[in-house]
Protein chains: 2
Amino acid sequence: MLTPSETKTLKFIQKYCIEKGCSPTLTEIADGIGIKSRGVIHRYLKSLESKKLLSIVSNRKRGICLNLEAYENQSIAPIIPLLGRIAAGQPIEAIEDRHEINLADFIMNPDRFALQVTGESMMDAGILDGDTVIIKHQNTANNGDIVVALIDGIEATLKRFKKLPKGMILLIPENKSMEAIAYEAERIQIQGVVVGQLRSYQ
Amino acid sequence: MLTPSETKTLKFIQKYCIEKGCSPTLTEIADGIGIKSRGVIHRYLKSLESKKLLSIVSNRKRGICLNLEAYENQSIAPIIPLLGRIAAGQPIEAIEDRHEINLADFIMNPDRFALQVTGESMMDAGILDGDTVIIKHQNTANNGDIVVALIDGIEATLKRFKKLPKGMILLIPENKSMEAIAYEAERIQIQGVVVGQLRSYQ
DNA sequence: TTGAATGTTCTCCTTTTGTTCTCTATTATT
DNA sequence: AATAATAGAGAACAAAAGGAGAACATTCAA
């Protein structure tokens with residue numbers, strides 16, 4: 001069980017290692033988590049070492065090694081640190097405004113549910129076969145929304161939504177090899193709108 | 001079985017643990033359920049402990065451990081219903097195969113972190129500009145993995161990884177208009193592997 | 001070689017937290 | 001009416017956690 005300070009320290013080290021490619025000095029950690037004394041940081045590191053979360057090479061500058069395997073089964077919060085922006089060829093750029101992503105906010109709302117996507121109809125919008133989409137349950141949609149629509153009460157489909165004149169609705173697949181189809185509004189029932197998408201590579 | 005106050009206390013602790021990844025202090029519980037005295041909370045905790053719903057590590061701050069059954073039948077678990085597959089274009093499969101998608105399995109591990117992607121270099125793999133990728137922090141990679149690599153210790157980049165003969169490493173962008181580049185292995189430092197991807201449409 | 005930066009080990013201090021009390025009030029039950 | 005169960009406030013104390021900083025040892029690069 002880690003104390004909040006230990007957690008902060010560990011997260012800072014992890015972040016530093018990823019951004020800079022080497023471990024930080026005690027002073028850098030202290031600055032990073034808002035503490036003035038190197039001695040305090042050293043105490044935290046010793047405690048983390050005794051909990052097998054990292055190892056320290058004695059007297060070596062920047063001699064902290066994270067023990068990534070032990071890190072694996074620590075207690076979990078639905079919050080992942082958002083380290084920064086990655087752009088090809090640039091250093092990782094830190095993000096000031098938002099430091100973490102709370103998946104609870106992202107997805108876990110009572111009116112949300114998930115669907116697994118089969119098929120390639122939304123491929124060009126980055127929604128691939130096997131992806132999971134998070135749907136907000138609602139019966140209306142705005143132009144441009146990606147919706148789950150029920151056609152004639154039977155066929156469910158994931159398409160981009162567009163309202164046409166004269167009570168028609170256009171459902172647009174995001175795939176060059178498929179065509180958009182217009183329906184009378186009465187035939188279309190909106191089941192929900194895509195508010196998120198996620199994919200696992202494991 | 002449980003008194004209303006005990007139930008409130010337990011629920012608060014469950015929620016707190018899931019959201020924050022560690023147990024709350026007595027003061028936090030008191031604030032959370034609208035009580036001013038820590039002593040009262042302590043009494044509730046003792047009672048809950050005697051009912052085997054949790055255990056307390058004496059004198060340890062944040063030393064509350066929930067027992068496993070206390071987690072069950074809780075709707076606040078990081079789980080969203082996975083309703084079924086939606087086959088774009090094809091008729092729907094049953095909405096009744098009610099699985100659940102557990103975000104804990106999906107991405108929530110402490111050795112994970114997130115990066116926001118800038119640029120289109122992985123577009124053809126369905127990773128778009130602005131998406132968030134979940135990275136597992138590790139220093140090795142297998143062929144075909146999408147990795148965060150540090151080139152010469154400075155430039156960060158998101159590419160598909162391939163080992164070549166003679167100590168070379170090929171970093172492959174998933175974008176037809178960009179070219180793969182081979183580097184000497186010494187110049188490349190693997191920072192992590194993409195294990196997930198998510199996008200918000202809100 | 002030398003000096004600045006860094007790691008290490010201390011002691012001392014403050015704040016926060018857990019723990020144990022006592023006291024009071026309300027409500028339901030016998 | 002008496003009793004027990006539940007609920008809450010708050011004081012007092014001990015222990016843990018958080019922090020400052022001095023003093024010394026060690027690295028490492030100029």
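## Two protein chains meeting two DNA strands

DNA strand C is surrounded by 21 residues, and the closest are Leu26(A), Arg38(A), Leu26(B), Arg38(B) and Lys61(B). Keep in mind that this is a predicted model.

What part of strand C faces the protein? Of the strand C atoms within 4 Å of the protein, 57% belong to sugar or phosphate, and the rest belong to bases. Helix 3 (38-50) of chain A and helix 3 (38-50) of chain B each supply at least two residues of the surface near this strand. Sorted by class, that surface has three nonpolar, ten polar and eight charged residues.

Now let's turn to DNA strand D. Around it are 26 residues, of which Ser37(A), Lys61(A), Lys36(B), Ser37(B) and Lys61(B) come nearest. Sugar and phosphate make up 55% of the strand D atoms that come within 4 Å of the protein.

Here are some polar contacts to look for in the structure:

| Residue | Protein atom | DNA atom | Distance |
|---|---|---|---|
| Asn59(A) | backbone N or O | phosphate oxygen, strand C | 2.7 Å |
| Arg62(A) | backbone N or O | phosphate oxygen, strand C | 2.9 Å |
| Leu26(B) | polar backbone atom | phosphate oxygen, strand C | 2.6 Å |
| Ser5(A) | polar side-chain atom | phosphate oxygen, strand D | 3.1 Å |
| Pro4(B) | polar backbone atom | phosphate oxygen, strand D | 3.4 Å |
| Lys61(B) | polar side-chain atom | base nitrogen, strand D | 2.7 Å |

Which elements give two or more residues to the surface near strand D? They are helix 1 (4-20) and helix 3 of chain A, together with helix 1 (4-20) and helix 3 of chain B. By class, the surface near strand D has eight nonpolar, ten polar and eight charged residues.

Key. Residues numbered from 1 in each chain as written. Chains lettered and ligands numbered in written order. Predicted model: local features only at pLDDT ≥ 70, side-chain atom pairs only at ≥ 80, totals over all residues. Heavy atoms only, no water. Near = heavy atom within 4 Å. Polar contact = N/O pair within 3.5 Å; in protein donor to acceptor, adjacent residues only side chain to side chain. Helix = DSSP H or I, 4+ residues; strand = E, 2+ residues; numbered from the N terminus. Nonpolar A, V, L, I, M, F, W, Y, C, P; charged D, E, K, R; others polar.
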